[in-house]
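Hi,

Here is the structure I promised to pass on. Have a look at it first, and then read my notes below.

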Amino acid sequence: MDVARVDRDRPDDAAIAAAAQVLRSGGLVAFPTETVYGLGADARSETAVRAIFAAKGRPADNPLIVHIGDPAGLVDVAATVPALAARLAEQFWPGPLTLVVEAAADLPSVTTGGLTTVAVRVPDHPVALALLRAADLPVAAPSANRSGRPSPTTAAHVIEDLDAGHVDLVLDGGACTIGIESTVVDARGDVPVILREGAVTREAMGATSAVDGSERSPGTRYRHYAPSYPVEIVPAGEGPRRAASLARQGRRVGLLAAVRGPETVTTLAVIDGPATLARVLYDALRAGETAGLDIVVVEAVGDTGVGRAVMDRLRRAAAG
Ligand code: TXA
Ligand code: MG
């Protein structure tokens, strides 16, 4: 596994060209996006995509997101582009929105998890866009974590999770700015059906018309990430007191709250709103494991912006 540091805003042409060449020759490249790091391979190469599943230990029936460098590329991976998909692409690409449409016939079934549909997005990240444009390929990329671990938001998370022998190159473009995975929407009908919540909210997409279809998303069938210690969600403002009380019982307690906790608890991060919680959550949960916590107390955030999506991830982590 090679690791190449690249400037987020001005990625080095030679580093991007080398990474694109790895993809074009069927290799695996981990790269940053605005949401989380992805583990990419040529979406049209069955062997390359199989290597992603092997590297992650991912169940074969969980389909991948195909990343493209230009919205115009949607016609090449979709059988048809429904009007709703065209409108959402126009409005939100590049960005943290994944559209599910009928798949083009030449996409291998490993990429689509055996479905007739394909999930597609244009990421809003200079490194990801430069790589996708240089490779000039649709790139299948799930989050670059081992299956069952939290999605990686830094190159260090990728390196700690994935076996060096499986991944050819990691492009290190720094920490992801959003920090949780994209909104996934079925865009085949008249209204967006939300399969996974993310930073693009139902309100932003056309408000009342968006519907919740999360029980229909293949990804929700699998066990979700829960840390090695319990996660307790408390109302805003109650974090430090609850954490201190648990610490008095002799437990090693972590805290994610609007203010720092007392000396007896490990304040993993100070959270000034939903966007901050989304950005730091996965890193904080990993840090808690390293620190050997017995429990982490997390203050709930409101439903605004990415709030509903981050609370969804947090509730799954708390459910264990
Ligand atoms: O932000 C993201 O979406 C990141 C970055 C790397 O782009 N990718 C990501 O991929 O989170 P992954 O594989 O960890 O999650 C993809 C989700 C899964 O829940 C999967 O079941 C769903 O998208 N999905 C993929 N193809 C689908 C399809 N054809 N129909 C319905 N859901 C699909
Ligand atoms: Mg994932």
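A definition before the details: two strands count as paired if DSSP finds at least two bridges between them. Please also keep in mind that this is a predicted model.

**The parallel sheet**

With that settled, start with the bridge partner of Val253, which is Ile295 in β15. That is part of the pairing of β13 with β15, a parallel one over 4 bridges. On to the next pair: β13 and β14 also run parallel, and they are joined by 4 bridges. There, Gly254 of β13 sits opposite Thr266 in β14. β15 (residues 295-299) pairs with β12 too, again in the parallel sense and over 4 bridges. In that pair, Val234 has Glu299 of β15 as its bridge partner.

Put together, this gives an open sheet of 4 strands in the order β12-β15-β13-β14, with parallel pairing. β12 (231-234) and β14 (266-270) are the edge strands; each has a single partner strand, so one side of each lacks a neighbour in the sheet. On average, neighbouring strands are turned by 20° against each other, ignoring direction.

How many residues of β13 are buried? The count is 5 of the 5, so the strand is largely enclosed by the rest of the structure. In a regular strand, side chains alternate between the two faces of the sheet. You can follow that along β13: Val253, Leu255 and Ala257 point one way, Gly254 and Leu256 point the other way, and all are buried.

**The helices beside it**

Which helix packs on this sheet? It is α10 (residues 274-290), which touches β12, β13 (253-257), β14 and β15. The direction of α10 makes about 155° with that of β14.

α10 also has a helix partner. Its axis and that of α11 (residues 307-319) come within 8 Å and cross at roughly 30°. Angles under 35 degrees count as roughly parallel, so α10 is roughly parallel to α11. The crossing of α10 and α11 is left-handed. If you want to click through the contact, α10 brings Pro274, Leu277, Ala278, Leu281, Tyr282 and Leu285, while α11 brings Gly307, Val310, Arg313, Leu314 and Ala317. By type, the residues of this contact are 9 nonpolar, 1 polar and 1 charged.

**Earlier in the chain**

Two other spots are worth a look. One is helix α6 (residues 126-135), where the buried residues are Val127, Ala128, Leu129, Leu131, Leu132 and Ala135. What do the buried residues of α6 pack against? Their partners are α1 (13-24), β2 (29-31), β4 (65-67), β7 (139-140) and β8 (169-172). Just after α6 comes Asp136, with a positive phi of about 55°.

The other spot is Val77, in helix α3 (residues 74-77). Is Val77 buried or exposed? Its relative accessibility is 1%, so Val77 counts as buried. Leaving aside neighbours within four places in sequence, Val77 is in contact with Val66, Glu102, Ala103, Ala104, Leu107, Val118, Val120 and Pro138. Val77 and Asp106 are 29 residues apart in sequence, and their C-alpha atoms are 8.1 Å apart in space.

That's what I have so far. Shout if anything is unclear.

Cheers

Note on methods
Residues numbered from 1 in each chain as written. Chains lettered and ligands numbered in written order. Predicted model: local features only at pLDDT ≥ 70, side-chain atom pairs only at ≥ 80, totals over all residues. Heavy atoms only, no water. Helix = DSSP H or I, 4+ residues; strand = E, 2+ residues; numbered from the N terminus. Axes fitted to C-alpha atoms, helices over the stretch in contact; angles between N-to-C directions. Contact = heavy atoms within 4.5 Å. Parallel < 35°, antiparallel > 145°, perpendicular 65-115°, else oblique. Left-handed = near helix turned anticlockwise from the far one by under 90°. Nonpolar A, V, L, I, M, F, W, Y, C, P; charged D, E, K, R; others polar. Buried < 20%, exposed > 50% of the residue type's maximum accessible area, 1.4 Å probe, protein only.
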